[in-house]
Amino acid sequence: MLSKKAKYALQALTFLAQHADQDSTGIAEIAEQEKIPRKFLETILLELKNQGILISKRGKGGGYALRQDAEAISIGQVIRVIDGPLALTPCASRTAFKPCQECKKPDSCSIRLLMVKVRDATAEILDHTTLRHIIDSQSALLYMI
């Protein structure tokens, strides 16, 4: 399940991508516009900065901005930074593999094999969807209304 923290991270990043023409955007503006609790947002943005997704500027007119173009930031990358591996079970994870205690043969476990397929399908979608895709789909929806 996608955590609230990951949802807020995606909202904030989408907002920053939509305002990429600005040098940086302050936390207060993002929090207000996206209805994200400010303290929670501060933690999220700092984590995204520490992982190289954002840059920050101090002082008057400071705030956060995307380190790369929206086309270069995948949704899968963001979710992994915030929530960790995409796999539903640790035995299906590529980066944090851990066999289940009740499993006697992980290589032939039918549940694990199914969860690997789910992980792969999820990763395929999320890793090939970028912030630019989200912005473009929002624009298309607004145009239709």
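In the predicted model, Lys39 and Glu42 are both part of helix H3, where three residues, about one turn of the helix, separate them. Their side chains meet in a salt bridge, with N and O 3.8 Å apart. The two partners fall into separate classes of accessibility: Lys39 has a relative accessible area of 63% and is therefore exposed, whereas Glu42, at 25%, counts as partly exposed. Arg38 also belongs to this group, since Arg38, Lys39 and Glu42 are linked in a network of salt bridges. Side chains of opposite charge can pair when their charged atoms come close.

Nine salt bridges are found in a search of the whole structure. One of the nine joins the side chains of Glu47 and Lys5, at 2.8 Å from N to O. Glu47 belongs to helix H3 (residues 38–50) and Lys5 to helix H1 (residues 4–18), so this pair ties together parts that lie 42 residues apart in sequence. Glu47 counts as partly exposed because its relative accessibility is 22%. Lys5 is likewise partly exposed, at 21% relative accessibility.

A further salt bridge is formed by Asp127 and Arg80, whose closest N and O atoms are 2.7 Å apart. Since Asp127 lies in helix H5 and Arg80 in helix H4, the pair ties together parts 47 residues apart in sequence. Asp127 has a relative accessible area of 30% and is partly exposed. Arg80 counts as partly exposed too, with a value of 33%.

The two helices that hold this pair also pack against each other. Helix H4 (residues 75–83) and helix H5 (residues 110–127) meet at an angle of about 115 degrees, and their axes are 6 Å apart. On the H4 side, the contact is made by Ile75, Gly76, Gln77, Ile79 and Arg80; on the H5 side, by Ala123, Leu126 and Asp127. Sorted by class, the residues of this contact are four nonpolar, two polar and two charged. Arg80 and Asp127 thus appear both in the helix contact and in the salt bridge.

Within H4, the buried residues are Ile75, Gly76, Val78, Ile79, Val81 and Ile82. Of these, Ile75, Gly76 and Ile79 also take part in the contact with H5. Just after H4, Gly84 has a positive phi of about 90 degrees. On the other side of the helix in sequence, Ser74 is placed in the loop between E2 and H4. Is Ser74 buried or exposed? Ser74 is buried, because its relative accessible area of 11% is under the cut-off of 20%. Apart from neighbours within four places in sequence, Ser74 is in contact with Leu126, Asp127, Thr129 and Thr130. Leu126 and Asp127 are also among the H5 residues in the contact with H4.

Strands E1 (residues 54–57) and E2 (residues 63–66) run antiparallel and are joined by four bridges. They form a hairpin with five residues between them, and Gly59 in the turn has a positive phi of about 85 degrees. Across the pair, Ser56 stands opposite Tyr64 in E2. Tyr64 counts as buried because its relative accessibility is 10%. Which residues does Tyr64 contact, leaving aside its neighbours within four places in sequence? They are Leu16, Ser24, Thr25, Ile27, Leu45, Leu46, Lys49, Leu54, Ile55 and Ser56. By contrast, the C-alpha atoms of Tyr64 and Ala96, residues 32 apart along the chain, are separated by 30 Å.

In soluble globular proteins, nonpolar side chains tend to be buried together. The largest nonpolar core of the model has 33 residues, and those with the most contacts inside it are Leu45, Leu48 and Leu66. At least two residues of this core come from each of H1, helix H2 (27–34), H3, E2, H4, H5 and helix H6 (131–144). H1 gives the most, with nine residues. Leu66, leaving aside neighbours within four places in sequence, is in contact with Leu13, Leu16, Ala17, Ile53, Leu54, Ile55, Ile73 and Leu131. Leu16, Leu54 and Ile55 are found among the contacts of Leu66 and also among those of Tyr64.

Terms used. Residues are numbered from 1 along each chain as its sequence is written. This is a predicted model: local features need pLDDT of at least 70, side-chain atom pairs count only at pLDDT 80 or more; totals for chains, interfaces and linings use all residues. Side-chain values use heavy atoms; hydrogens and water are left out. Two strands pair if DSSP finds at least two bridges between them. Axes are lines fitted to C-alpha atoms, for helices over the stretch in contact, and angles run from 0 to 180 degrees between N-to-C directions. Contact means heavy atoms within 4.5 Å. Ala, Val, Leu, Ile, Met, Phe, Trp, Tyr, Cys and Pro count as nonpolar, Asp, Glu, Lys and Arg as charged, and the others, Gly among them, as polar. Buried means under 20% relative accessible area, exposed over 50%, partly exposed in between (1.4 Å probe, protein chains only). A salt bridge is a side-chain nitrogen of Lys or Arg within 4 Å of a carboxyl oxygen of Asp or Glu. A nonpolar core is a set of buried Ala, Val, Leu, Ile, Met, Phe, Trp, Tyr and Cys residues joined through side-chain atoms within 4.5 Å.
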